[in-house]
Amino acid sequence: MDFQYRGVRCREQTALPDTPGNRRTVEALAKRIDRELLKGTFDYGALFPDSPRAKAGIGEDAPSAANDHPTPTFAEFTELWVSESAPRWRAHYGRAIRDTLDRIILPVLGPKPLASIDRGDLLGFQAELAKRPGRGGQAISAKRINKLMSLVKAILNEGCDRHGLTSPGRSLKTLKQKRADVMPFSMPEVERLIARIRQDYRPYLTVRLLTGLRTGEVDGLQWQDIDFEAGLIHVERTHSRNGDGGTKNEGSRRTVPMVPQVRAALEQQRKAAHATCPWVFHSLHGNPIDAVNFANRVWYPLLRNLGLRKRPPYQMRHTAATLMLAAGENPEWVASILGHSTTEMLFRVYSRFVPNLTRNDGLAFAGLVNGHFGTAAVQTSSPPDPAGPDILSALQSLTPEQLATLLTLAKKAS
């Protein structure tokens with residue numbers, strides 16, 4: 001057993017042989033200790049009557065190990081942790097961490113010595129976080145609470161490791177998070193959005209809906225990132241209210257091809273752009289787009305005007321992803337366009353919005369044949385049956401050169 005009791009690290013052993021049954025017994029005892037420590041009913045002498053610590057009256061009249069080996073307060077170690085971690089952070093991320101620590105975490109946990117912080121302190125702090133108001137007056141989300149607690153645990157774990165303590169943060173479980181709402185727009189809704197938005201924001205909306213760029217990525221686009229000759233957008237930086245910064249991670253630095261509508265939107269934006277402004281999308285005064293102002297003054301009024309369900313602007317990224325997948329694009333290609341390192345998140349988040357993602361009807365192959373060799377060889381009044389004689393006869397009528405070309409195209413499409 002290894003646990004904290006009244007600011008002291010306590011270790012107790014059993015004389016039981018190492019068997020599966022005895023392991024279960026010890027695990028049950030560990031859970032009992034956790035419960036009693038949390039409730040404040042833990043009796044050291046009752047559970048470990050032969051322990052020298054129990055006989056010495058640990059935490060009561062006997063001097064504690066915490067006093068013999070004083071530890072810094074949570075606030076003091078936090079300053080050291082921040083100074084050591086800052087070189088790994090982007091500037092605006094570091095500012096956000098500093099703000100979170102100063103406003104939320106340090107006022108509560110800052111004065112406590114590391115050795116005195118126990119599981120009950122963390123659970124109490126977590127409960128207080130749940131009472132804080134979130135955006136729009138709603139309760140703070142479980143996701144936000146988990147992020148705050150992960151920051152607390154990162155600092156506490158590191159501090160306890162350095163001072164030979166057992167961190168109570170390692171046994172604290174995360175709250176169950178609500179699944180993120182994904183509410184993409186359909187293609188007709190995309191057309192309505194682009195047609196109805198005010199003229200000066202039409203190129204901005206077109207690019208967001210048809211490329212899947214994140215908010216910070218599209219707001220941070222500069223003209224040097226646009227390659228009209230090659231038809232490419234280079235995602236190299238981001239912009240937010242905290243200033244300019246790098247991409248979310250190295251995998252987010254990527255190249256996004258322009259579909260014709262995106263190229264036309266960027267060319268239109270270039271005609272109206274300020275001559276000396278480096279940003280592609282900017283305000284009337286030449287400043288980068290402010291995401292909050294855009295959402296409140298342009299985006300939400302547009303949704304109300306069209307009678308569409310309210311959803312944040314980030315749903316434009318989800319829209320682009322689902323449209324690409326529904327069109328039959330290779331999931332690995334879609335993941336790279338969105339800046340994901342793997343396709344795992346792609347399938348987890350978007351698969352239910354793509355009815356043909358796992359189809360097994362052969363229509364995609366039939367469409368490939370039809371698109372490259374015409375419809376003359378296939379005369380049907382209804383969707384072709386992949387197993388039917390028309391497709392088979394069409395394939396049999398191809399020359400060896402045509403078959404070789406077809407196989408090459410099929411391999412590229414897969």
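## A tour from helix α1 to the small sheet

Begin by selecting Arg32, which counts as partly exposed because its relative accessibility is 37%; here buried means under 20% relative accessible area, exposed means over 50%, and partly exposed means in between, with a 1.4 Å probe and protein chains only. The structure on screen is a predicted model, in which local features need pLDDT of at least 70 and side-chain atom pairs count only at pLDDT 80 or more, while totals for chains, interfaces and linings use all residues. Residues are numbered from 1 along each chain as its sequence is written, and side-chain values use heavy atoms, with hydrogens and water left out.

**Stop one: helix α1**

Keep Arg32 selected and add Glu36, since the two side chains meet in a salt bridge with an N to O distance of 2.9 Å; a salt bridge is a side-chain nitrogen of Lys or Arg within 4 Å of a carboxyl oxygen of Asp or Glu. Both Glu36 and Arg32 lie in helix α1, four residues apart, which is about one turn of the helix. Unlike its partly exposed partner Arg32, Glu36 counts as buried, because its relative accessibility is 15%.

Now widen the selection to residues 20-39, the 20 residues of α1, and look along the helix from end to end: at 1.5 Å a residue they should span 28 Å, and the end C-alpha atoms are 29 Å apart, which agrees. The expected span is 1.5 Å times one less than the number of residues, and the elements themselves are DSSP runs numbered from the N terminus, with helices being H or I over at least four residues and strands being E over at least two.

Which residues of α1 are buried? They are Asn22, Ile33 and Glu36. These residues cover an arc of only 70° around the axis, which puts them on the same side of α1; the arc is that of the directions from the helix axis to the C-beta atoms. Turn to the other side of α1, and you will find Pro20, Arg24, Lys31 and Lys39 exposed. The buried residues of α1 pack against β1 (2-5) and α2 (44-47), where contact means heavy atoms within 4.5 Å. Before leaving, step just past the end of α1 to Gly40, which takes a positive phi of about 80°.

**Stop two: more salt bridges**

The bridge in α1 belongs to a count that comes to 17 salt bridges. For another within a helix, select Lys131 and Glu128, whose side chains meet at 3.5 Å, N to O. Being three residues apart in helix α7 (residues 119-131), these two are separated by about one helical turn. Lys131 is exposed, with a relative accessible area of 63%, whereas Glu128 is partly exposed at 47%.

Next select Arg214 and Glu217, which form a salt bridge of 2.7 Å, N to O. Are these two residues buried or exposed? Arg214 is buried, and so is Glu217. Elsewhere, salt bridges that share partners join Glu79, Arg98 and Asp102 into one network, so these three are best selected together.

**Stop three: the loop before α9, and α9 itself**

Go to Lys178, which lies in the loop between α8 (142-162) and α9 and counts as exposed, at 69% relative accessibility. Add Lys143 to the view: it is 35 residues away from Lys178 along the chain, yet their C-alpha atoms are separated by 7.8 Å.

Continue to helix α9 (residues 187-196), in which Val190, Leu193 and Ile194 are buried. Seen down the axis of α9, its buried residues fall within an arc of 95°, so they line one face of the helix. Glu191 and Ala195 are exposed on the other side of α9. To see the partners of the buried residues, display α10 (202-211), α13 (291-306) and α14 (315-326), against which they pack.

**Stop four: a three-stranded sheet**

Finally, select β3, β4 and β7, which form an open sheet in the order β3-β4-β7 with antiparallel pairing; two strands pair if DSSP finds at least two bridges between them. β3 (226-227) and β7 (254-257) stand at the edges, each with a single partner strand, so one side of each is left without a neighbour in the sheet. β3 pairs with strand β4 (residues 232-235) in the antiparallel sense over two bridges. To end the tour, pick Ile226 and then its bridge partner in β4, Ile233.
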